[in-house]
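Today I'm poking around for aromatic rings that sit together. Let me pull up the chain and start my notes.

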Amino acid sequence: MIKYLLFFLSILFATDNLSAKKIEIPKPVKVEALKEGTATRPVELSKIVVKLNRGEPYGTIKGGLLCIGKEPLIWRGGKLQLDPTDFNEVFKDELDKLGFNVSNDSSALFDEGQDNRTEFLVGGTIKSMYVEVCFPKSGFGNTYSAKGLAILEVEWQIYDRLNKKVVDKFTTKTGARQKKSVSGGLDALVFSAFGENVRALVASKKLEKALVGKPVDLSVAKSANPQFPIINIASSKALSMTVPDAVGSTVLIQSGNGHGSGFLISDDGYFLTNFHVVGQAKYVKIIWSDGVETLGEVVRSDRGRDIALLKGANRDRSPILLRSNEINVGQEVYAIGAPLDKELQNTVTRGIISASRILDGYKYLQSDVSVVPGNSGGPLIDESGRLVGVTVSGIRINNASQGINLFIPATEAFDFLALKNN
């Protein structure tokens, strides 16, 4: 009987060892810390998402002192079950040890809710994951201690908040093996593998290329330095304008990015809108307040300032003229645009100027005037129909507006696109 038992055990151990040999984990990445005193721009992990198909197996789970059994681990989709704050802690710990300047943690991929000092965000997509986990003491009620291995393939993106663009991408695939049981179970294995991928990202020098340098003081407004020749804006038709007149000069912009708003600023057919409304499109559809459709060409833009200039037919409409003096806090303003749906084009809302702010190195006007997605790129005007600002964004919590909305000052929009009144 003892002979048969020993034979059975030898098969189990051989099977387990054979399984372990099939999976080769890359050697630990060798990473050198930055030289002492090296200045780096603040960075933070924005979000980690898992891109596995629902029902896809991603490893095996075993139990008992002999680590027998081989139940598959199946991805059930939905929200990642691992605590996202732990990814942040691993990311921060690894970069801190290597001499990088890591900001406070956040949980929004490329959102505007990060630490205001942060200049760069790093986001990651886990494209594949393999885990072999064993709970040796599971028969004794201990499901917290585990050993095994985990391998992750992570596609990284490095995002420049000041210029609002992804500056680099890189994919790492590595992992970690834990031969002795540690607390934390499967989570601990995955986070160890994630830490190795963070080190592999640093070893690629992608982060170093983006981050090494003196941090920018984001409390000081960035000056316009457009690489464009000056365009003189011809706007002689309307010396004054009513709010209804301004509605007639505000248009709906349709591009591959969906829809937004825009408005006529000159007799010769120049329009303003946001960069994020037109994206990389060369031509967009302009839909007027009376439903007439014309074609607009994107002739210049500034991604960081999120402003774009279009050229098209003016249809003999009067342009919305620039206000000659600064507007004060408490003064009444009106926003015009197409909130949420194209059918709601020509919507006018009223509010006041709440504040003037500098965020991420850019000037903004803050107002409680109601704007939502679809208003982007539309005009903010005073009671005389003069241009005050361009709608750009608003703070929303659980998809509900908070009455805190941001507008590009009109003079800034002109400066960054090298526009001058004739």
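Here are my notes on ring pairs and on charges over rings.

Setup: I'm looking at a predicted model, where local features need pLDDT of at least 70, side-chain atom pairs count only at pLDDT 80 or more, and totals for chains, interfaces and linings use all residues. Residues are numbered from 1 along each chain as its sequence is written, and side-chain values use heavy atoms, with hydrogens and water left out.

Entry one: I searched the whole structure and got six aromatic pairs. Rings of Phe, Tyr and Trp (its six-membered ring) pair if their centres lie within 6.5 Å; planes under 30 degrees apart are stacked, over 60 edge-to-face, and the rest tilted.

Entry two: I looked up Tyr58 and Trp75, which pair edge-to-face at 6.1 Å centre to centre, with 75° between the planes. Tyr58 is in strand β2 and Trp75 in the loop between β3 and α2, 17 residues apart. (Helices, H or I with at least four residues, and strands, E with at least two, are DSSP runs numbered from the N terminus.) Buried or exposed, I wondered about Tyr58? Tyr58 counts as buried because its relative accessibility is 11%, the cut-off being under 20% relative accessible area (exposed is over 50%, partly exposed in between; 1.4 Å probe, protein chains only). Trp75, at 8%, counts as buried too.

Entry three: Phe271 and Trp288 are also edge-to-face, 5.7 Å centre to centre and 70° between planes. Phe271 belongs to strand β10, while Trp288 is in the loop between β11 and β12. Both are buried.

Entry four: I found Phe87, Trp156, Phe191 and Phe194 linked into a cluster by ring pairs.
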